[in-house]
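This report follows the strand pairings, one helix packing and several backbone features of the protein shown below.

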Amino acid sequence: MKEIKFSPVTRLSGLLSVDVFVDGQTVVDARVKGNQYRGFEHMLVGRDIRDAPYFTERICGICSLAHGTVSNYVLDEIFADSVPAQGQLVRNIMLGLEFVQNHIRHFYGFGLPDYVELPPGLPYQGPVVDRRLGPKANQELVDNYVTSFGVAAKAHEAQTIFGGKAPHQHGMVHGGVAVVPSADKILHAIGLVHEIKGFVTDYLLPDTGLLARCYPDYYEIGRSPRRFLSFGLFRVGEAQDMVWKPGVVEDQIFTPGIDAGHIKEDVISSWYRDATGPLSPTDLVTADPYKAEAYTFVKAVHYQGVPYEVGPLARLVINQGYQGGPSTMDRIVARSREVDEITTLVLKWLLLLTPSAPVLSRNPTPSATEALGMTDAPRGALLHQAIIQEGLIERYGIITPTMWNFSPLNMYEEHGPAETALIGTAIQDIDNPVEIGRIVRAFDPCLSCGTHLIRLKPYED
């Protein structure tokens, strides 16, 4: 048996390493390692609950608004706020634009260099093996790769119209949003989103189709169990219904809704002091970077004792009945399809905005001492939970999408989705195992989110 180490894995957010164990040409075991601990849950203890969105947005610079959104959902509940319909529309527009910029950057900036030969001198690309695109198609994709960064920036520009800046916006607050959508702001955003929509239609979707046709075997590579989970996405109306529904799929059976009481963590394989039994999101644990047998700062997350895959593919299966498999290429295709659908939704919502309509309704003092907020972020299901006393945070729990997808071996001796997707993979060239990077990056890992201590001293014998 041979061990292959990838450290660090590049073209993603945060610090990730992967160890695979190969017997002959087949991966028989895998370990995905989050090497970074930041402890945001501990930072929040003792702070005013109203500070939570601004702190948690700093967990990640790519999906900061998603953290701000779900943190404000928590505040809405604690303060018993009733968000005006127009305020909810603006929130959805900003959150939708977060998805758009993330998915475009991921396809071109993070994923495509695994398949396309980029010009010399660009960072984070080693020798590309298993190249299947001809010179003309390769150059077209390179051209679109260069263009894509400006297009993704337009999504951030549109987001700043209502959020003040990006990343780490200041426009969303408990009770709604702080920026009233004037006619000029609405028209400016519509123009930017139309430009993005044109790029998605003319380039992103055709480029995704080309990649899928050239690499059809990746519909069989990187398969995980067909178990999917989503918290739902985009609240609308006074009842706060979801445009995209929450639920789980297992063995082709869809179960609507999520019972948050069934969401648990464990640290059996993680660099934290052992805790007895499964943990709730607000159960704080102490880092232990020298813990024997552990290999990651990512906690294992499970729903009713089962690890689930989250992200664009999960949302596509749950909301549209997508029958494709849980493979590398299915994840890539689902992400591109989602960009197209969300740009359409954002344009629709922009046209529903009424200039100067109320967007904020908030109460000055808390009326509850505990609240939980859930939504999907670009990479999947995101949860924040807070317990407060006299307006100050006693405990704050965060479960991110990367914690679901990159869960380590858990207390039930089950691997998380990414590890499972690696196990069983046939490696064509042991010296250049390109399959590993392609599988891992298709999950769009964000270890800045997934690991919540940088080692101050080396391991001791």
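In this predicted model, strand 14 (residues 380-389) pairs with strand 15 (residues 392-399) in the antiparallel sense, and seven bridges hold the two in register. Within this pairing, Leu383 is found opposite Ile399 of strand 15. The connection between strand 14 and strand 15 is a hairpin with two residues between the strands, and Glu390, which belongs to the turn, has a positive phi of about 55°.

Strand 14 also pairs with strand 13, again in the antiparallel sense, and here eight bridges are found. A hairpin of two residues leads from strand 13 to strand 14, and Ala377 faces Gly380 of strand 14 across this pairing. How enclosed is strand 13 by the rest of the structure? Six of its eight residues, within the stretch 370-377, are buried, so strand 13 is largely enclosed by the rest of the structure; the cut-off behind this reasoning is that a buried residue has under 20% relative accessible area.

A further antiparallel pairing joins strand 2 to strand 3 (residues 26-34) through eight bridges, with strand 2 covering residues 16-23. Val20 has Ala30 of strand 3 as its opposite residue. Two residues lie between the strands of this hairpin, in which Gly24 adopts a positive phi near 70°. The three pairings are set side by side below.

| Strands paired | Sense | Bridges | Residues opposite each other |
|---|---|---|---|
| Strand 2 and strand 3 | antiparallel | eight | Val20 and Ala30 |
| Strand 13 and strand 14 | antiparallel | eight | Ala377 and Gly380 |
| Strand 14 and strand 15 | antiparallel | seven | Leu383 and Ile399 |

Turning to the helices, helix 4 (residues 85-111) packs against helix 8 (residues 328-352) at an angle of about 150°, and their axes are 9 Å apart. Because angles over 145 degrees count as roughly antiparallel, helix 4 and helix 8 are described as roughly antiparallel to each other. The crossing of helix 4 with helix 8 is left-handed. The contact draws on residues of both helices: among them are Leu89, Ile93, Leu97, Val100 and Phe107 in helix 4, together with Ile332, Val339, Ile342, Val346 and Trp349 in helix 8. By class, the residues of this contact comprise 14 nonpolar, seven polar and two charged.

Two loops contain a proline that follows a cis peptide bond. The bond from Ser7 to Pro8 is cis, with omega near -10°, and Pro8 lies in the loop between strand 1 (2-6) and strand 2. Ala166 and Pro167 are likewise joined by a cis peptide bond, for which omega is about -5°, and Pro167 belongs to the loop between helix 5 (135-163) and strand 4 (172-173).

Positive phi values also appear in loops between helices. Ala80, a residue other than glycine, has a positive phi near 55° and sits in the loop between helix 3 (64-78) and helix 4. Asp444, which is not a glycine either, has a positive phi of about 55° and is placed in the loop between helix 11 (434-442) and helix 12 (447-450). Which of the terms buried, partly exposed and exposed applies to Ala80, and which to Asp444? Ala80 has 44% relative accessibility and therefore counts as partly exposed, whereas Asp444, at 1% relative accessibility, counts as buried.

Note on methods
Residues are numbered from 1 along each chain as its sequence is written. This is a predicted model: local features need pLDDT of at least 70, side-chain atom pairs count only at pLDDT 80 or more; totals for chains, interfaces and linings use all residues. Side-chain values use heavy atoms; hydrogens and water are left out. Buried means under 20% relative accessible area, exposed over 50%, partly exposed in between (1.4 Å probe, protein chains only). Helices (H or I, at least four residues) and strands (E, at least two) are DSSP runs, numbered from the N terminus. Two strands pair if DSSP finds at least two bridges between them. Axes are lines fitted to C-alpha atoms, for helices over the stretch in contact, and angles run from 0 to 180 degrees between N-to-C directions. Angles under 35 degrees count as roughly parallel, over 145 as roughly antiparallel, 65 to 115 as roughly perpendicular and the rest as oblique. A crossing is left-handed if the near helix is turned anticlockwise from the far one by less than a right angle, and right-handed if clockwise. Contact means heavy atoms within 4.5 Å. Ala, Val, Leu, Ile, Met, Phe, Trp, Tyr, Cys and Pro count as nonpolar, Asp, Glu, Lys and Arg as charged, and the others, Gly among them, as polar.
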